Amino acid sequence: MNDDDQKKHILSSIEKFFSRLLMRTSDSNPGIKSSAVKTILDLIEFNKKLIPLCLKERMIRNLKDAKARLELVTLITKKVLVKEWKSNTSNFRQHIMKFIVSYLKTHPHTDVRQSTWELLVLVAQHQQKDADFKAICTFLENDTIRALEQELKKNEKKKLKSTTSSTVQELRALAVKSNSDKRSTTTNAKKTKTKKQQKPVDDSFNEDTLIAHYYNDCPVLTNCPMCQIILEVSTLKEHLEIDCEKKHLVKQCSQCKTSIPVEQWLQHTLKKTCTVTAQDQSRCPFCQLDMTKSSEKAWKSHLINTCPKNPRRKQK
């Protein structure tokens, strides 16, 4: 047996073993089921070509077995396919869409159809670029496409609302702390025996106005252009690269190291007019001034007093 035949034999054996494992994912014994699912995920990490084996079978009509298969495919999507799609959104797209279509409207059990719909939404959330979304829509009927578009918009609004709520809570905490510090300072000033007349407290300065200031006017803060969360200007670059929930929709320019929306990236890079920046270099995202060695105080001074392109800076 030559090397090629030996490899084929090994792969064939793995596939047979894999098929037996698939049957165990609906086992009534939780331990056996959990072990089978874990082994399948481990094997898929070893060989991604095993993924279609989970998807290519004819529709499973039995409720228990079908739900188990949907759970497995959803898990594979979250743990494996989402990572794959970051580098190539077309990987296994056809396989999973055919799987989804076969269960979505024709399966006899409502629970299975609902789980399939949730899987479709999950897939669509990671296939939202125009070309990718059009590609998955080729598998769907018009009414399903409309429902999917509405669901994605609803989810985006929920995320934005959640982000906004979280941000407001953070700002309220800052406002409370600021007011507390101010009251403490005022109290200490009253206790200090001095002939200087104290300035009257500005009643317009309160929690709500401070939140509005942070949210709309503070020159040290900005909105992420992708997810709209409020953050310090000095952390914007790192946020877009690491923390932003929409970081998969941006691509770093090799010249200026700025994260550019993917649909604008080619146009941006072809111009070649951006500022050359080293990977470990930090620049003001507005005016591109080198801020690599700048302290927090220096950042604050720059954004408040000198940055010519900070949209929140009051021009003097």
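# Exercises on helices, contacts and backbone angles

Right after helix α11 comes K272, a residue with a positive phi near 55°. Helices here are DSSP runs (H or I, at least four residues; strands are E runs of at least two), numbered from the N terminus. The model is predicted, so local features need pLDDT of at least 70 and side-chain atom pairs count only at pLDDT 80 or more, while totals for chains, interfaces and linings use all residues. Residues are numbered from 1 along each chain as its sequence is written, and side-chain values use heavy atoms, with hydrogens and water left out.

## Exercise 1: the end of α11

Work out how well helix α11 is covered, and then place K272.

Solution. Start with the cut-offs: buried means under 20% relative accessible area, exposed means over 50%, and partly exposed lies in between (1.4 Å probe, protein chains only). Next, go through α11, residues 262–271: among its 10 residues the count of buried ones is one, so the helix is hardly covered. Then step on to K272, which sits in the loop between α11 and α12 (296–306). Its relative accessible area of 64% makes K272 exposed. Finally, look at the backbone: K272 is a residue other than glycine, yet its phi is positive. For context, most residues other than glycine have a negative phi.

## Exercise 2: another positive phi

Is F92 buried or exposed, and where does it lie?

Solution. First, the place: F92 belongs to the loop between α4 and α5. Second, the angle: F92 is not a glycine, but its phi is positive, about 60°. Third, the cover: F92 has a relative accessible area of 17%, and therefore counts as buried.

## Exercise 3: an aromatic pair

How many aromatic pairs are there, and how are the rings of F99 and Y103 arranged?

Solution. Begin with the rule: rings of Phe, Tyr and Trp (its six-membered ring) pair if their centres lie within 6.5 Å, and planes under 30 degrees apart are stacked, over 60 edge-to-face, and the rest tilted. The count comes to one pair. The ring centres of F99 and Y103 are 4.7 Å apart and their planes meet at 40°, so this pair is tilted. Now turn to the helix: both residues are in α5 (residues 93–104), four residues apart, which is about one helical turn. Check the cover last: F99 is buried at 2%, and Y103 is buried at 1%.

## Exercise 4: salt bridges

Count the salt bridges, then describe the one between K38 and D42, the one between R93 and D132 and the one between K154 and E151.

Solution. A salt bridge needs a side-chain nitrogen of Lys or Arg within 4 Å of a carboxyl oxygen of Asp or Glu. By that rule the count is nine.

- K38 and D42 meet at 3.1 Å, N to O. They are four residues apart in helix α2 (residues 30–46), about one turn. K38 is exposed at 53%, whereas D42 is partly exposed at 41%.
- R93 and D132 meet at 2.8 Å, N to O. R93 is in α5 and D132 in α7 (residues 130–137), so the bridge ties together parts 39 residues apart in sequence. Both R93 and D132 are buried.
- K154 and E151 have their closest N and O atoms 3.5 Å apart. They are three residues apart in α8 (residues 142–191), about one helical turn. K154 is partly exposed, at 41%.

To finish, trace the network of salt bridges that links K105, E141 and D143.
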